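Q: Please take a close look at one part of this chain and describe how its side chains are arranged. I would like a careful, connected account that also tells me how far the model can be trusted there.

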Amino acid sequence: MPLTEEERRLRRMASNRLSARRSRAKRQQQGLDLAAYAAQLAVNNEAMRATTGVVRQNYDLVEQANRVLEADARHLYSELERRNAQLRLLGQITRVPMDVPDIPAHLTQLYGGLQEPLPLPPPAPPLSYSSLPLLPPSLSPPLQTPPNLSLPLPLDIEIEMLFQPEPGQSDDVMDDAASLPWL
């Protein structure tokens, strides 16, 4: 049976209402979905902020530990340089060959800056009795032996005794060498 114009118009209106209702429901669902997504993003952002704070604190702690370790490394490097200089000086004073290894270049670059170690002076020629100036007995200093040394000691003990500063003395290498009474 054919539909009249009025029936078609009523059916179209009912169809349009149903379509509008579905469209409104769909739009409302999309809004709810977007609100849930925004809430989830807010939770994720807060979690990331908290994680970032913890990571930043850990980074600061590691950075501080690195600064302490770098200061320790610089101190140890300077101590190594000082001890090497003392060994070289001892080798020159005692005329005992000292095999003092050079500090690797990468350590010098890391901890010694661009400083180059001071070159050692050339070794002094061996002393002979004929090259020593003669002083009258009244002006010559009395021969002094190292304190508490009656028997020869192993070289490592002698070296240790050479570089032990006396109370009130500087720990400087040159001061130590100059303060030795038996040289």
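A: Glutamate 6 is a suitable place to begin: with a relative accessibility of 40%, glutamate 6 counts as partly exposed, a class that lies between buried (under 20% relative accessible area) and exposed (over 50%), as computed with a 1.4 Å probe and the protein chains only. The model is predicted, so that local features need a pLDDT of at least 70 and side-chain atom pairs count only at pLDDT 80 or more, while totals for chains, interfaces and linings use all residues. Residues are numbered from 1 along each chain as its sequence is written, and side-chain values use heavy atoms, with hydrogens and water left out.

Glutamate 6 is joined to arginine 9 by a salt bridge of 2.5 Å, N to O; the term stands for a side-chain nitrogen of Lys or Arg within 4 Å of a carboxyl oxygen of Asp or Glu. Arginine 9 is itself partly exposed, at 36% relative accessible area, and because the two residues are three apart in helix H1, about one helical turn separates them. Helices here are DSSP runs of H or I with at least four residues, strands are runs of E with at least two, and both are numbered from the N terminus.

Helix H1 itself covers residues 5-94, and its 90 residues reach 127 Å from the first C-alpha to the last, close to the 134 Å expected at 1.5 Å a residue; that expected span is 1.5 Å times one less than the number of residues. The buried residues of H1 are Ala73, Tyr77, Asn84, Gln86, Leu89, Leu90 and Gly91.

Further along H1, glutamate 79 takes part in another salt bridge, with arginine 82, where the closest N and O atoms are 3.0 Å apart; these two residues are three apart in H1, about one turn of the helix. Glutamate 79 is partly exposed, with a relative accessible area of 21%, and arginine 82, at 23%, is partly exposed as well. The side chain of glutamate 79 also meets that of arginine 83 in a salt bridge of 3.0 Å, N to O, and this pair, four residues apart in H1, is again separated by about one helical turn. Arginine 83 is partly exposed at 40% relative accessibility. Through shared partners, these salt bridges join Glu79, Arg82 and Arg83 into one network. By the rule given above, the count comes to eight salt bridges.

Just after H1, arginine 95 takes a positive phi of about 55 degrees, although this residue is not a glycine. Most residues other than glycine have a negative phi. Arginine 95 lies in the loop between H1 and helix H2 (105-111), and counts as partly exposed at 41% relative accessibility.

As for confidence, pLDDT is the predictor's confidence in each residue, from 0 to 100. Among the elements of the chain, H1 has the highest mean pLDDT (93), whereas helix H4 (residues 173-178) has the lowest (50). Over the chain, the mean is 75, and 61% of the residues reach 70 or more. Where pLDDT is low, the predicted coordinates should not be read in detail.
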